[in-house]
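Trainee: I would like to learn how to read the surroundings of a ligand. Please show me the structure, and then we can go through it.

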Amino acid sequence: MTEPISRENPARPSEIVGSVPVGVPPVEAADAAFGRWSRTPIQDRLRLLEAAADTLEPHLGELAVLLARETGKVLADCRGELAFSLTFLRWVASRAAAVLADAEVDDAAGRMLLLRKPFGVVAAITPWNAPIILAMLKIAPALAAGNTIVVKPSPLAPLTIDRVVRLLAPSLPVFIVHGGADVGAALVGHPLVRKVAFTGGSEAARHVLAAAATQITPTVMELGGNDAAIFLPDADLSPSAMQRLVMASFATSGQVCMAAKRLYVHSSIRERFVESYLEAASVVLRTGDPLAEGVTMGPLISAQAARRVRSFGAGLPLGRVDDGLADGYFVAPSLVLDPPPGSPLVTQEQFGPTVPMLTYSGLEEVIAQANAGELGLGASIWSADEEHAFAVARRIEAGFVFVNTHNRTGLALRAPFGGVKRSGFGREYGDEGIAEYAQTCVVHAPAAFRAGGAGLAANAYPAV
Ligand code: NAD
């Protein structure tokens, strides 16, 4: 028998927070539930999603504490993630009927029905850095569209999502299975799985795509990013803007796909920028126990992650870690001034609290640097001139460009999110993120062959 997964608190690794059993993906059960759920009228499905949000709501406080203890994310961040997950669930419940409505035209060209049909069983494979919202981005639209879903969360953060799914499962066809890469691969490659939704890193993504390919299963892939934040010469360097920027890099200790991971600052403002940045960091960055009020940065997810981030080196210190937490997986936050553009800290996703700042002097140069590399998830342009910022943003190779902010503060429920280049394909959020879980099927009676129609030669192409 496989050992259960036990999860320690990354702030105090000797404390075991809980454990979950490793399982076999319950795809047959999800498939058995599909017939009834997909035939349930969409308005009834959406009412059940809305009711599920009400069921979860009273548990958010307790779930936030569990999430903070298993991930090391600070309590305010965990509360925010859980509340936002409910907001998203309710938004899908209110929006999906319009996005997924069948459409029918009946005119001189004929009669055509466009049906938005579910796929069947969806497999959702999720990472540890935002385990609730990243699962909810798949669960809510998949169920709204009439699919059933099996979630396989990361073994590094299985506990809170397990509780969430168990609270939802009595009224919704959502299932969960725990395990690592082998369980994930068994789920993705299962012949009854009809769609795969994956969020994670590129290495796992290649395996997931290969396993999906064996069954010709469609996928939506949300992968890593190496977001550039570009400060144009007229950027606002006020305390509020700079505090927003600091948290765009250091929220969740930098372990966010769309964190501001490379800062590009125009040479004319470099000195003022560094001064304002250090001042802002001293106000908003408090490293410590994730459960303590006022702390804004906790440990990394694992000892291995902390080692990896330390290997990038360190720069100007932006905070220190209490001696009492020395056993935790902490890395003190720092800003690295002008590292060589080809250094790993600049070219790779650091996924931690060590941020490079580079100086540039020309717009073409900075656009080329921002677009260098294989990743294209997010980016940001900071300027007092919104028109100019949008013009620059058009030239950035990223799925989502923020203006005068970056990371979660720049998201919107109605704005589709996802990557270009090797940061993935398919979208979450927005109408596109709902439509991702339905396939358009057509019923068509051409006018030419209806009673009284003009007809067409037996092998003719249509005129329209
Ligand atoms: P990961 O790729 O290591 O793991 C993600 C999930 O895939 C986990 O559940 C893991 O168990 C599973 N997995 C691993 N190998 C597998 C295999 N062979 N077959 C099936 N499943 C497998 O990622 P992580 O370390 O948990 O998360 C960090 C990465 O996720 C970063 O690169 C980050 O940028 C990315 N991310 C992207 C987004 C986005 O929306 N684009 C959001 C959050 C995180």
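Mentor: Start with the classes of residue in the shell around the ligand: 16 are nonpolar, nine polar and three charged. Keep in mind that this is a predicted model.

Trainee: How many residues surround the ligand, and which are the closest?

Mentor: A residue is counted here if one of its heavy atoms lies within 4 Å of the ligand. The shell has 28 residues, and Thr-126, Lys-152, Gly-201, Leu-223 and Glu-349 are the closest.

Trainee: Which domains does the shell draw on?

Mentor: Domain 1 (5-223 + 423-442) and domain 2 (228-410) each give at least three residues to the shell. As for secondary structure, at least two shell residues come from each of helix H7 (181-188), strand S8 (193-199) and helix H8 (202-215).

Trainee: How do I read the polar contacts?

Mentor: Look for pairs of N or O atoms within 3.5 Å. The side chain of Lys-152 has an N or O atom 2.9 Å from an oxygen atom of the ligand. For the side chain of Trp-128, the distance from an N or O atom to a ligand oxygen is 3.0 Å. Leu-223 uses its backbone: an N or O atom there is 2.7 Å from a nitrogen atom of the ligand.

Trainee: How much of the ligand does the protein bury?

Mentor: The ligand alone exposes 850 Å², and the protein buries 86% of that.

Trainee: And where does the ligand sit?

Mentor: The ligand is in the largest pocket.

Notes
Residues numbered from 1 in each chain as written. Predicted model: local features only at pLDDT ≥ 70, side-chain atom pairs only at ≥ 80, totals over all residues. Heavy atoms only, no water. Polar contact = N/O pair within 3.5 Å; in protein donor to acceptor, adjacent residues only side chain to side chain. Areas by Shrake-Rupley, 256 points an atom, 1.4 Å probe, with all protein chains shown as cover. 1 Å grid on protein atoms, 1.4 Å probe; cavity = no way out; pocket = protein on both sides within 12 Å on 5 of 7 lines; lining within 4 Å. Sits in = over half its atoms within 2 Å of the grid points. Helix = DSSP H or I, 4+ residues; strand = E, 2+ residues; numbered from the N terminus. Nonpolar A, V, L, I, M, F, W, Y, C, P; charged D, E, K, R; others polar. Domains from an automatic or database assignment.
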